[in-house]
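The exercises below ask you to read a fold from its strands, its loops and its surface. Keep the sequence and the coordinates open while you work through each solution.

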Amino acid sequence: MAVVRWHVTYYCIWRGLHRRYLLDDVQVVVTELFTNAVRHAEHRGQPITVVLDPRNGALRVEVHDPDPTLPTPNLDIDLDATCGRGLLLVETLAHRWGAVPLPDGGKVVFAEIEPCSRQAG
């Protein structure tokens with residue numbers, strides 16, 4: 001997961017997206033979506049792809065995986081648990097999130113992050 005965060009961080013810096021979006025929020029969202037795909041999707045060695053797409057004023061973070069099973073947030077959370085809150089974190093940090101099936105039988109799980117109100121230096 002650290003490699004995904006590293007690539008996303010440097011991509012955002014390279015494209016200047018860190019000036020418009022909170023990089024910490026982008027990192028958490030991509031980590032949670034990617035981790036869910038690795039842990040819960042049946043990918044049988046097929047790739048899991050991360051896409052960052054600034055569109056309509058938001059930064060859309062997408063994770064593509066080959067499993068058609070759509071994610072559902074865990075609403076029955078054990079407060080002492082160390083996992084199981086990923087989609088709730090995504091829901092908190094993102095303006096909107098969701099999942100859509102792909103024609104090839106996989107899915108895209110996405111989150112849209114709004115620009116921050118401050119200007120980064």
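**Exercise 1: a lysine in a strand**

At 5% relative accessibility, Lys-107 counts as buried, where buried means under 20% relative accessible area, exposed over 50%, and partly exposed in between (1.4 Å probe, protein chains only). The model is a predicted one, in which local features need pLDDT of at least 70 and side-chain atom pairs count only at pLDDT 80 or more, while totals for chains, interfaces and linings use all residues. Residues are numbered from 1 along each chain as its sequence is written, and side-chain values use heavy atoms, with hydrogens and water left out.

Task: place Lys-107 in its element and list what surrounds Lys-107.

Solution. Step one is the element: Lys-107 belongs to strand S4, where helices (H or I, at least four residues) and strands (E, at least two) are DSSP runs numbered from the N terminus. Step two is the list of contacts, meaning heavy atoms within 4.5 Å: leaving aside neighbours within four places in sequence, Lys-107 touches Ala-41, Val-63, His-64, Asp-65, Asp-67, Thr-69, Leu-70, Pro-71, Val-100, Pro-101 and Leu-102. Step three adds a distance, since the C-alpha atoms of Lys-107 and Pro-68 are separated by 5.4 Å with their positions 39 residues apart along the chain.

**Exercise 2: the enclosed strand**

Task: decide how many residues of strand S4 are buried, and sort them by the way they point.

Solution. Begin with the count: seven of the seven residues of S4 (residues 107-113) are buried, so the strand is largely enclosed by the rest of the structure. Next, recall that in a regular strand the side chains alternate between the two faces of the sheet. Applied here, Lys-107, Val-109, Ala-111 and Ile-113 point one way, whereas Val-108, Phe-110 and Glu-112 point the other way, and all are buried.

**Exercise 3: assembling the sheet**

Task: derive the order of the strands from their pairing.

Solution. Two strands pair if DSSP finds at least two bridges between them. Taking S1 (residues 49-55) to begin with, seven bridges join S1 to S2 in the antiparallel sense, and Val-51 has Glu-62 as its bridge partner in S2. Strand S2 (residues 58-65) in turn pairs antiparallel with S4 over seven bridges; here Glu-62 is matched with Phe-110, and His-64 with Val-108. On S4, six bridges lead to the antiparallel strand S3 (residues 96-101), with Val-100 opposite Val-108.

Putting the pairs together gives an open sheet of four strands in the order S1-S2-S4-S3, with antiparallel pairing. S1 and S3 stand at the edges with a single partner strand each, so one side of each is left without a neighbour in the sheet. The twist averages 20 degrees from one strand to the next, with axes taken as lines fitted to C-alpha atoms, for helices over the stretch in contact, and angles running from 0 to 180 degrees between N-to-C directions.

The cover can then be added: seven of the eight residues of S2 are buried, and helix H2 (residues 23-40) lies across S1, S2 and S4, running at about 15 degrees to S2.

**Exercise 4: positive phi in the loops**

Task: which residues other than glycine have a positive phi, and are they buried or exposed?

Solution. As background, most residues other than glycine have a negative phi, and most peptide bonds are trans. Arg-44, in the loop between H2 and S1, has a positive phi near 40 degrees, and with a relative accessible area of 67% Arg-44 is exposed. Asn-56, in the loop between S1 and S2, has a positive phi of about 50 degrees although it is not a glycine, and at 80% relative accessibility Asn-56 counts as exposed. The hairpin that holds Asn-56 has two residues between its strands S1 and S2. For contrast, the hairpin of S3 and S4 has five residues between the strands, and in its turn Gly-105 has a positive phi of about 100 degrees.
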